[in-house]
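Visitor: I'd like a close look at one part of this protein, and then a walk outward from there. Here is what I have on screen.

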Amino acid sequence: MPLYRLTWCLLLCCFVFATSGFQTLRLTPDRGTVVNISNTAKGSLCKVCSGAGRKCDNSLLLKSGTSVSVEFNCPQPERVFMVEITRNIECTTKSCNDDISHGGSNLDPWLEFHRRFTWNLRSSGPKSVQIDFTKMSLRQIPPSENCPDKHTYTFKVFQATGTVAIGTYCKTGPISSAQILRQGSFSLDVPPELEVRRDQFAVSVGEEIKSLAKITVSLPQSTSSLALLSPNFPESFPDDDVMEWYFEISNKQRAAIEFLDLTEPRCLKKETAAEYHSKGRRALVMALADTQPVQNQGDFSLILRNCEMDRRRAGSPGLSLKLKVSTSRVNAPVLCNVDLRKIKGFSLHVERVKSASECEMKMNSVTVEKITVPSGTVSQLSFQDCLPLHINATTSGVIGCNQLKDCPKYPVPLVVPSLPSCFPFPLSAVTWTLRPPPHGTVELSSSVGPLKQSLPGQPCNDSIIALTEDDGTTLGRFCPEGAIQKMQIHTNVSVTVTRVGGQALRASVKPVLTASLKGEIAERYIFTVSPKRDKPLFLATPGWPVGMESYATVSWIVSLPSKMEAHLKFVNLSQPKCANRHTNIRVQRFNSPEEDYSRREDEAADEISVSENFYLNMSNCMPERGDFKVITEITVQKNQLLIIIVSVVAALVVLFIAVLLVVCFVIKKKKKKLEHEVSVYNPNGTSFQPGHNVFPKSREDNESHVYASIEDSLVYTHLLRKGAEMGIYTESDTYQSFMGHTDTQVSKDAGDVETGVYQEYPVSSQAPPLPNRPPSHSHTLVDNVIYQTQPPLDEQSAKMGPRLEPEGGN
C-alpha cells in the first residue's frame, strides 16, 4: 500500500473516531402539533438530518402523526438547536377548539434541548381571544430578567404592520387574564435539562376590544407596588396604536399611577395620552409627562395611546414607559412597632419623596418629616394616607474595627434584613459601611457567583451593588453574572444594594456579598478576575466614567483557563496631560521578572496577547488637565501556538505510525520471499535458484562479460605494474584470454572421473606460476595500497602510464 494512501486511511479512522458521538433521536409529534427543529447559533455548520436519503439542513419541520428518526452531523447539537412545538387554537364567536396545556408531549429524549411551546390564537369574529390565568396568575418582567423557575411566558399580537410583543411573564403575580385582538400567540420557553411543569390555561371567547390587547390586573388588598411595561419595551410602542390595562381594586383601596423611564416620540398627527375610565365617571385624559391622578373609586381602566410618530430622523425616539402602580388603604392609618434589637447592626430610615403629598408620618406619636430608628432600639411608627411611591425606606449598618486584632475573624455576610411584617413599605436600598483599621483593607467577594461592572453594553438585569468611598466618590457599580471573584479596597467603603428600575428589595438569607477586614495591600484597588472562554470581559478603572484620582493605582489579577490565552484591547482610553510623574499601563505574567507590556500617557496603546496568568496594573499621575480612565476588553480563546504545536505533533505521530506500518509490511514481505530462495552448488561454476522452469543462461548467452562502463576506482592495472617492477609479477601474470576447455568439453572429459574421490590434476603449462610473495611484502601491499589514501588522479595517471583496456570478462 502506498504511504499516502495509508496516511489518508489513518486520518479517516481518526475522523470517524472523533465524530462517533453524533446523536440520533426519534420524534413523534402529538396530534395537531407541528415540530420545528432549528439552528439558532449564527455561523454554526451543524445540520439536522432525516429521511431515507438523510437530507441535512439548518432546520427540520415535522407534522403530527409522523414518527421520524432525526440525526445531527455534529456533537452536542443541544448547544445550537432549539425545538419548537406549535399548536393552533381557533375561536369562533361562541367557543374555542382547545385550551393551553403543556408537559405531556413526547419530548423526553429532547430534555437536553431548549424547548418552546407555542399556541397560535385566532379569532374569526369581532370578539377577542381570552386566556385565563386565575389558577396560576402571572407577573410581568423586563425582557432581560429571568424567571426563578426558568419557565418564561411570552405574549404576542400579530397585525398588518408586524408582530408586537405585549410582554414577558413569570408565574405568581397580579395578572389574572389577557385578551388579544384577532390574532396572536402565547408561548412558553424552557431551558435545557429542565422538565416542563404541567400547567393548563383556559382559552375562551372574550369581549370586543379596540386595542392591541387588554391585560387584567387584580391588585391585592394590602399595600403593594407593581410594575408593568409598554408593548415592545424597551423598544417603541407601535405607531398610532392603543394598549389597555384593567385594574381590579376594592373600594377601600386607592391606587397611585406613576410613569417611569418615559421616552416620548415626535408626533406628526395626534398626541400621546393616558386615558382613565371607571364606572360612573367621565373619562379623564392626561399627558404622559403630567402627574397622574390617584384612583380611589374601585375598578378602572388605563388606556395608553400613541400618536403617528415622526421616525424619519435618525435617532428619533419612540414611545416607551414603565407603569408603576402602588396601592394602600383609604383613610386608615397603618401602625407598626419596629424592633431593631432583633436586627443587629442596622438602622431604619424613612423619608417622604414628595413633600406635597398628603402622607403623614409619626414616630412615637410625634409627626415628623423623616424617620430614623437607631440600631438596637424600639419605635412605634404611624403612616396616614401614605402610598409606596411617596416613601423611600432604606436601612444601613456599620462594620468596622480600630485594630486588626479586633476585626471579625471570619467573613461577614452582607444580607438584606427582613423588616417586621407590619411595616407597609418595601426597602428601596440597603447600605453597609465598612471601616477597616488604619492602613487596613476591605475585601469583598460574592458567594452567589462572580460579579461584573455595569458599563455601556453590559447592563445589570436584577440587583445593583454600588461601592462608594467616604468622600462620595463612586468606585463602581457591579452586579452578578460576571468574572470578578474578589475586590480589595485600601480605604473605607460603603456597599449599597438596590434593584433595577427602583423595584423593591426582597429579604433573603443569601448574602449580597461577604466582607472581610484585613491588613494593608500594595495597591489602592486590587481585583481578582477569572474570565470565561469566548465571552468578552470589560474592566473599567475605578470611578469610571470619572477619571482615577491623582496617583491612584489599581491592579487586576487575571487567571486564565488551562491552555488558553487572553487578548487585551484598551478601549475608551483617555489620557491626561501630567504635571508630575506619568500614567502607566503594565502587563506582567506571574513569576516573570520582566514586563510584557508598558505604556505611558505619551505612548500609543497597542493590543496584546498573553498566554499565561498575568497582572494588569494601571497608575495615574498628577494631571494638569484631562482624566485617566480606561476600559479594558479581555477575550479568552484557545492558545494558538499550543494548537499549532499539538497539530504538528499529532501529524508527526500519524506519519510515524504510517511509516512504521509500511516498513513492517516491507520487511515481512522480504522475509517471506527469502524463506523460499535456497542456493544450489553447481560444480560447473553456475548457481541458479530452484523453482525456475528453465536452465540459466551460459556465460556466452547472458552477456555478463560485457561492460557498459568501467569506473576508474575499479581499475587495478597500476598494482600489476608495480608488482612487476618489484619482481612479484611477471608478464604472464597479466590477463590472458581463456584457452581452456569449454563447458561442453568439461562435461565430456569428466565422464570417466570418479566423483566423490580426491584426485590430483596436472597443472597446465599455460597457467601462470604462483608468485613468490614474502609475507612481509604482502603485508606492505595491503597496508600501503589498499588502506592508504590514494594520490590525486593526475598523479596516478602519470605513474600508471597509458590505460590498459580489459580484454575479457570477469
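Where is the place of Pro234?

Guide: Pro234 sits in the loop between β18 (224-229) and β19 (242-248). Keep in mind that you're looking at a predicted model. The spot is worth a zoom for its backbone: the peptide bond from Phe233 to Pro234 is cis, with omega near 5 degrees. For background, most peptide bonds are trans, and most residues other than glycine have a negative phi.

Another cis bond runs from Trp544 to Pro545, with omega near 10 degrees. Pro545 is in a loop as well, the one between β45 and β46 (553-558). While we're on backbone geometry, take Ser365: its phi is near 70 degrees, a positive value in a residue other than glycine. You'll find Ser365 in the loop between β30 (360-363) and β31 (366-368).

Now follow β45 from the Pro545 loop to some empty space. The model has 7 cavities of 30 Å³ or more, and the largest cavity has a volume of about 140 Å³. Its lining is made up of Lys452, Gln453, Gln458, Glu481, Gly482, Ala483, Pro531, Lys532, Lys535, Pro536, Leu537 and Phe538. The elements giving two or more residues to that lining are β38 (451-453) and β45 (537-540). By class, the lining of the largest cavity splits into 5 nonpolar, 3 polar and 4 charged residues.

β38 also turns up in the lining of the second largest pocket, where β38, β39 (463-469), β40 (474-480) and β42 (493-499) each supply at least two residues. That pocket has a volume of about 1100 Å³. Its lining has 32 residues, and Val448, Asp462, Ser463, Pro480 and Arg499 are the ones nearest its centre. The lining of the second largest pocket divides into 14 nonpolar, 8 polar and 10 charged residues.

Further along the chain, have a look at strand β47 (residues 564-574). β47 runs antiparallel to β54 (residues 629-638), with 9 bridges joining the two. To pick out a rung of that ladder, go to Val571, whose bridge partner in β54 is Ile631. β47 also pairs with β51 (residues 608-610), again antiparallel, through 3 bridges. There, the bridge partner of His567 is Ser609 in β51.

Back towards the start of the chain, the cross-links deserve a stop. The count comes to 10 disulfides, and one of them joins Cys46 to Cys74, at an S to S distance of 1.8 Å. The torsion about that S-S bond is about -65 degrees, so the disulfide of Cys46 and Cys74 is left-handed. Cys46 lies in the loop between β2 (33-39) and β3 (48-50), while Cys74 lies in the loop between β6 (68-72) and β7 (81-91), so the pair ties together parts that are 28 residues apart in sequence.

Last, how far does the predictor trust itself? The protein averages a pLDDT of 78, and 76% of the residues score at least 70. Among the weak spots are residues 678-682, where pLDDT stays under 50 and the model has 6 contacts beyond four places in sequence. Residues 686-701 likewise stay under 50, with 15 such contacts.

Key:
Residues numbered from 1 in each chain as written. Predicted model: local features only at pLDDT ≥ 70, side-chain atom pairs only at ≥ 80, totals over all residues. Heavy atoms only, no water. pLDDT = per-residue confidence, 0-100. Contact = heavy atoms within 4.5 Å. Pairing = 2+ DSSP bridges. Helix = DSSP H or I, 4+ residues; strand = E, 2+ residues; numbered from the N terminus. 1 Å grid on protein atoms, 1.4 Å probe; cavity = no way out; pocket = protein on both sides within 12 Å on 5 of 7 lines; lining within 4 Å. Points joined across faces, edges and corners; volume = space filled by probe spheres on them. Nonpolar A, V, L, I, M, F, W, Y, C, P; charged D, E, K, R; others polar. Disulfide = S-S within 2.5 Å.
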